Amino acid sequence: MKFRWRRAAVVFSCAFLTGCATAVPIPLPRASPNISCAAPASDGDLLLGVALSGGGSRAAIFGAAALEALGRLRAPDGGSILEHIGYLSSVSGGSIAASYYAQHKPRREIPILTPAGDYTVEYEAFFRRFSERVAQNFQGPLIRHQLKSFRWFNSALTARSLEEVLKERLLGELSLGALSQRQLRRDIPGLLFNAALFNNGRRFVFTTMSPDVARYDVFADLRKSAAMRDDTVEFVPLSQRMWEGLTPLTPHDLRLDPCPMPVASIVAASASFPPWVGPITFHVEGDETYWHVGDGGLYENSGLETLFSVFLKKLQEKRARRVDICLRQLLSLRGRRAAPRSAVEALLPLHL
């Protein structure tokens, strides 16, 4: 009898400490053939993109500071550089900054800079709130969520707690479809939230644009290059399968409808760093497969590869002649040198 009570106590303790042994999936409707909320990608002779890399809460704070610094830079037409950014790619902590920026950035009709080159009243207030909101303490509320809901020592449920904290303290019930509508009105750039799909190790991108926005066909360019030399080239099936494994997947590839996806869930997935947090689990209604999505930094922590794919595709389609990428990196976190004196100093322009 004593042994049975001891075994029952062990089982109860394990259940009490872990909250549950498995993740609680987020149910989503099945995707239709045509995505109703997909906004068109930016076109033009010059494409400008910004990559916000990962790095936890410091990355979120620095991402906000970098966007604020970019806004103060004048474009050749006299306006702000922010008015010309067509793409914003983010990973992990950078996704916290990107999501708040996309939700609260003033409408495009509101000027960013005054004739003197200062921020307008609207943008001065926006960037002040921006830095305050992303600098708040998320860790304390996350721990409290874990304790009061008995989700201790379960990383998958920690990710759900992070999602709940982001909803309560930063993003509310904002959906990816709502951000697509903002992009359609040209209030914000096209968004690319980078994550990793644990089911197969592929790069996974939540985007406000079409699912093929980053599907660059490298073999088409190689064939074109060979033809310019009056040559031909054949590719073995293995090389094509390997390239396919490097291209990013989107929710549509998993038959997930991205439009009603909560942005808080997307950011929590992008920032879920195992084994402490995550992954976030999605489930398509009527399917047997559960999709586990975690930290994009496990695949690539700068957000650059997705932008490269998008821009190479645009160049290939001759829908752009030049592209620029501003990379926001926390060099001090990597121990290479002291922290930059300003956010602008850490924005490294890359040209394709």
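Trainee: Leu 197 stands opposite Val 293 in E7, but what makes E4 and E7 a pair of strands?

Mentor: This is a predicted model, in which local features need pLDDT of at least 70 and side-chain atom pairs count only at pLDDT 80 or more, whereas totals for chains, interfaces and linings use all residues. Residues are numbered from 1 along each chain as its sequence is written, and side-chain values use heavy atoms, with hydrogens and water left out. Strands are DSSP runs of E of at least two residues, helices are runs of H or I of at least four, and both are numbered from the N terminus. Two strands pair if DSSP finds at least two bridges between them; strand E4 (residues 190-197) and strand E7 (residues 290-295) are joined by 3 bridges and run antiparallel, so they count as paired.

Trainee: What makes E6 and E7 a pair, and what lies between them?

Mentor: E6 and E7 are antiparallel and share 4 bridges, with Phe 282 standing opposite Trp 291 in E7. The two strands form a hairpin with 5 residues between them, and in the turn Gly 286 has a positive phi of about 95°.

Trainee: Which residues other than glycine have a positive phi?

Mentor: Arg 186, in the loop between helix H7 (176-184) and E4, has phi near 65°. Arg 255, in the loop between helix H9 (237-246) and H10, likewise has phi near 65°.

Trainee: Why is Arg 186 called exposed, and why is Arg 255 called partly exposed?

Mentor: With a 1.4 Å probe and protein chains only, buried means under 20% relative accessible area, exposed means over 50%, and partly exposed lies in between. Arg 186 has 59% relative accessibility and is therefore exposed, whereas Arg 255 has 46% and is therefore partly exposed.

Trainee: Why is Ser 309 called buried?

Mentor: Ser 309, in helix H11 (residues 304-316), has 12% relative accessibility, so Ser 309 counts as buried. The C-alpha atom of Ser 309 is separated by 9.6 Å from that of Val 218, although these residues are 91 apart along the chain.

Trainee: What makes Phe 273 part of a nonpolar surface patch?

Mentor: Patch residues have over 30% relative accessible area and no salt bridge; like charges are joined within 9 Å, and nonpolar side chains (Val, Leu, Ile, Met, Phe, Trp, Tyr) within 5 Å. A salt bridge here is a side-chain nitrogen of Lys or Arg within 4 Å of a carboxyl oxygen of Asp or Glu. Phe 273 has a relative accessible area of 38%, so it passes the area cut-off, and together with Phe 198, Trp 276 and Leu 298 it makes a patch of about 430 Å².

Trainee: Where in the fold is Phe 273, and which cis peptide bonds involve that loop?

Mentor: Phe 273 is in the loop between helix H10 (263-270) and strand E6 (280-284). Pro 275 is in the loop between H10 and E6, and a cis peptide bond with omega of about 5° joins Pro 274 to Pro 275. Pro 279 is also found in the loop between H10 and E6, and the bond from Gly 278 to Pro 279 is cis, with omega near 10°.

Notes: Areas by Shrake-Rupley, 256 points an atom, 1.4 Å probe, with all protein chains shown as cover.
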